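Good morning. I have one structure to show today, and I will keep to a few of its details. Please have a look at it first.

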Amino acid sequence: MSALQSIARKVLPESTRRWITVQRQKHRLQWPRAGSIDFGDFDRLAPVSNIFGFDRGQAIDRYYIEAFLRQNRADITGRCLELGDPAYIEKYGQNVSQADVLHYVEGNPQATIVGDLTNAPHIPDNSFDCIIFTQTIQMIYEPRAAFQTLYRILKPGGVALITSAGIAKIGRRLGRDDWGEYWHFTAQSLNAMALEFWAEDGITIHSYGNVMTACAFLQGLAAEELLPAQLDHRDEDFEVIVTARLKKEGA
């Protein structure tokens with residue numbers, strides 16, 4: 001059907017295409033027929049898992065995050081910074097000379113730096129060869145201020161590896177959790193914000209996901225419940241996560 005629609009868009013005038021659309025809707029000629037789709041286990045108002053599928057296996061967004069970090073593991077070298085804990089530095093780092101952990105508030109025994117990235121003058125300029133910044137920028141109400149700090153504390157030639165939620169359930173709410181979730185980025189908005197600080201040739205933006213994995217992730221299925229071909233297919237119209245590799249100019 002999609003191939004026929006593509007041909008129709010090329011050869012039929014717009015007025016004819018509109019008439020066909022009206023007739024299809026009037027006579028219920030959609031395919032699959034409207035009302036005939038079997039939702040199966042998704043015929044429910046609550047998700048299969050309410051904790052992103054962590055109780056079923058690896059969360060689908062984590063599958064994509066780790067694919068992104070594996071692809072860019074050569075950047076995870078020298079002095080590295082990660083938020084919360086050094087798990088990804090330890091898993092993917094190569095020739096890491098120092099692993100630092102940033103935490104927002106006191107109390108994390110793994111933290112070597114405590115501070116708010118939107119206002120962190122105590123972190124020196126040009127400090128890190130690599131910063132791993134996963135699934136956090138959407139939790140910061142002033143993301144531009146955080147991007148400015150990330151750029152400032154990277155060494156010349158250093159790389160920030162950033163991921164953010166796209167199509168996803170809300171992860172944090174003020175009043176219920178310790179902090180809120182304010183934004184879900186698209187590849188376009190992440191690129192636009194990166195351009196405010198990084199040179200264009202230092203920016204690489206990607207998205208991961210497709211309609212199947214977006215539906216599965218919203219329902220809380222785990223990556224193990226899908227086939228690799230289903231997980232790895234990319235459709236830019238369905239951004240489960242968006243990623244940015246941001247390299248600071250200089251050497």
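I will go through some salt bridges and then one helix. Before that, a caution: what you see is a predicted model.

Let me start with the charged pairs. Side chains of opposite charge can pair when their charged atoms come close. How many salt bridges does the structure hold? The count is 8, and I will talk about three of them, beginning with R245 and D75.

In that pair, the closest N and O atoms are 2.7 Å apart. R245 sits in strand β7, residues 241-247, while D75 is in the loop between α3 (60-71) and β1 (78-83). The two residues are 170 apart along the chain, so this bridge links distant parts of it. Is D75 buried or exposed? Its relative accessibility is 15%, and because the limit for buried is under 20%, D75 counts as buried.

The second pair is R79 with D100, again a salt bridge, at 2.7 Å from N to O. Here both partners are in strands: R79 in β1, and D100 in β2, which covers residues 96-103. They are 21 residues apart in sequence, and the bridge therefore ties those parts together. As for exposure, D100 has a relative accessible area of 5% and is buried. R79, at 23%, is partly exposed.

The third pair is D125 and R152, where the closest N and O atoms lie 2.6 Å from each other. D125 belongs to the loop between β3 (113-114) and β4 (128-134), and R152 to helix α5, residues 143-153. This bridge ties together parts that are 27 residues apart in sequence. D125 is partly exposed, with a relative accessibility of 46%. R152 is also partly exposed, with 23%.

Now the helix. I picked α7, which runs over residues 211-219. Which residues in α7 are buried? They are T213, A214, A216, F217 and Q219. Among the elements that cover these buried residues are α3 and α8, the latter being residues 228-232. You have met α3 already, as one end of the loop that holds D75.

The two ends of α7 are worth a look as well. At the N-terminal end, N210 acts as the cap, with a side-chain oxygen 2.9 Å from the backbone nitrogen of M212. After the helix comes G220, and its phi is positive, near 85 degrees.

That is what I wanted to show. Thank you.

Methods:
Residues numbered from 1 in each chain as written. Predicted model: local features only at pLDDT ≥ 70, side-chain atom pairs only at ≥ 80, totals over all residues. Heavy atoms only, no water. Salt bridge = Lys/Arg side-chain N within 4 Å of Asp/Glu carboxyl O. Helix = DSSP H or I, 4+ residues; strand = E, 2+ residues; numbered from the N terminus. Buried < 20%, exposed > 50% of the residue type's maximum accessible area, 1.4 Å probe, protein only. Contact = heavy atoms within 4.5 Å. Polar contact = N/O pair within 3.5 Å; in protein donor to acceptor, adjacent residues only side chain to side chain.
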